[in-house]
Amino acid sequence: MSKNFNDLLSKVSQCEKKKLSVACAQDKAVLEAVKAAKEREIADSILVGDEAKIRELGAALGMNMDEYEIINVEDTVEASLKAVSLVHDGKADMYMKGLLDTKTFLKSVLDKEVGLRTGKPLSHVCVFEIPGFDRLLFLTDVAFMPYPTLEDKVNIINYTVEVAKACGVDCPKVAPLAAVEVVNPKMPVTVEAAELTKMNEEGQITGCIVDGPLSLDIALYKEAAEEKGALDRKVAGDADILLFPDIHAGNLVYKAIVHMVDVKNGNILTGTKAPVILTSRSDSCEAKVNSIALAAVVAEEMKKAN
């Protein structure tokens, strides 16, 4: 099991080397991550975009541009469609956003002809290595799906369980979070959390243990569970996956951790035919490289499944 990103990088080294397709690669921060991913033997990359700018930025970063396949497409929309088609056609294993707006990038992901749509909703998984925890934590959805329905939450759990298993977590423990750990009919989130737990017990959600509703402290800390008389809960203090009730709760926790704690993290878009890396411009180079590594192990598992 990958307990941290170093473990995850070791897991990547055991996989067949993956190829990354980057849309509008003329972005210094993205090229820096691409360079690091190649040097660490995580992935080779195909760079799609404005070739002159890509070469200029690459040279400034000390990249040997002869080691990269570059496809010159200056128009942003066309570049994104070309880059995603490489993954669609099996010429690359993963798809990453470069210097283009998120709306255009997602349109390419969902393109009916060359995209990576599956017919299911997309979701977002963030993986954290946090000091004091003996395991990676998987947070979802913190950035993409605003108000997930019960059906959406089933999909989110299934997606995130696949990501966790790719990272070596055999039977992830899922905590559908709420402000309280008891069902309150006036708090619909708690009712849905209990329904997800029941679906797991009845075999409708498999490959994991679901136990909710749970407050965040009980999900993560045995001491809190003991104080609140909740040690009998199946996930108490051992949650691998934190399922947030909506994007507000998820995003607030995500940003609090990123900006207030010395952490390592990686992000991946799920619900697609191949891993999609949608990082923020403000994300560090390390976070981008971690995201590529995360996508690589997920791509390996998806390949085995097919």
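Here are some short exercises, each with a worked solution, on the predicted model shown above.

**Exercise 1: The core**

Find the residues with the most contacts inside the largest nonpolar core, and say which helix gives this core its largest share.

*Solution.* Start with a general idea: in soluble globular proteins, nonpolar side chains tend to be buried together. Here, the largest nonpolar core has 55 residues. The ones with the most contacts inside that core are Ile42, Leu47, Phe138, Ile157 and Ile292. Next, look at where the core comes from: helix α11, residues 285-305, supplies nine residues, the largest share. Finally, pick out Leu47 and look past its neighbours within four places in sequence. Its contacts then include Val22, Ala25, Leu31, Val34, Ile54 and Met65, and Tyr68, Glu69, Ile70 and Ile71 are also among them.

**Exercise 2: Two residues in helices**

Decide whether Val163 is buried or exposed, and do the same for Ser80.

*Solution.* Take Val163 to begin with. You'll find Val163 in helix α6, which covers residues 150-166. Its relative accessible area is 2%, and buried means under 20%, so Val163 is buried. Setting aside residues up to four places away in sequence, Val163 touches Val125, Phe138, Ile268, Thr270, Leu294 and Val298. For a sense of distance, try Lys234: Val163 and Lys234 are 71 residues apart in sequence and 21 Å apart in space, C-alpha to C-alpha.

Now for Ser80, which sits in helix α4, residues 76-88. Ser80 has a relative accessibility of 1%, so Ser80 counts as buried. Leaving out residues up to four places away in sequence, Ser80 touches Ala23, Tyr95, Leu100, Thr104 and Ser108.

**Exercise 3: Cysteines**

Work out how many disulfides the structure holds, then check Cys15 and Cys171.

*Solution.* The count is zero disulfides. For Cys15, the nearest cysteine sulfur belongs to Cys167 and is 10 Å away. A disulfide needs sulfur atoms within 2.5 Å, so Cys15 is in no disulfide. For Cys171, the nearest cysteine sulfur is that of Cys208, 6.6 Å away, and Cys171 is in no disulfide either. As for accessibility, Cys15 comes out at 19% and counts as buried, while Cys171, at 39%, is partly exposed.

**Exercise 4: Backbone oddities**

Locate the cis peptide bonds from Thr140 to Asp141 and from Gly212 to Pro213, then look at the phi angles of Cys24 and Glu41.

*Solution.* The Thr140 to Asp141 bond is cis, with omega near -15°. Asp141 falls in the loop between β6 (137-140) and α6. The Gly212 to Pro213 bond is cis too, with omega near 5°, and Pro213 is in the loop between β8 (209-210) and α8 (216-220).

On to phi. Cys24 isn't a glycine, yet its phi is positive, about 55°. Cys24 is in the loop between β1 (18-23) and α2 (28-39), and at 1% relative accessibility Cys24 is buried. Glu41 isn't a glycine either, and its phi is positive at about 60°. Glu41 lies in the loop between α2 and β2 (43-49), but Glu41 is exposed, at 58% relative accessibility.

**Exercise 5: The cavity**

Say what lines the largest cavity, and sort that lining by class.

*Solution.* The structure has one cavity of 30 Å³ or more. The largest cavity has a volume of about 40 Å³. Its lining is made up of Lys153, Pro176, Leu177, Val189, Ala193, Leu243, Phe244 and Pro245. By class, that gives seven nonpolar, no polar and one charged.

Definitions and conventions. Residues are numbered from 1 along each chain as its sequence is written. This is a predicted model: local features need pLDDT of at least 70, side-chain atom pairs count only at pLDDT 80 or more; totals for chains, interfaces and linings use all residues. Side-chain values use heavy atoms; hydrogens and water are left out. On a 1 Å grid over the protein atoms alone, a cavity is a set of points where a 1.4 Å probe fits but cannot get out, and a pocket is an open set with protein on both sides within 12 Å along at least five of seven lines; lining residues have an atom within 4 Å of a point. Grid points are joined across faces, edges and corners, and a volume is the space filled by probe spheres set on the points. Ala, Val, Leu, Ile, Met, Phe, Trp, Tyr, Cys and Pro count as nonpolar, Asp, Glu, Lys and Arg as charged, and the others, Gly among them, as polar. A nonpolar core is a set of buried Ala, Val, Leu, Ile, Met, Phe, Trp, Tyr and Cys residues joined through side-chain atoms within 4.5 Å. Buried means under 20% relative accessible area, exposed over 50%, partly exposed in between (1.4 Å probe, protein chains only). Helices (H or I, at least four residues) and strands (E, at least two) are DSSP runs, numbered from the N terminus. Contact means heavy atoms within 4.5 Å.
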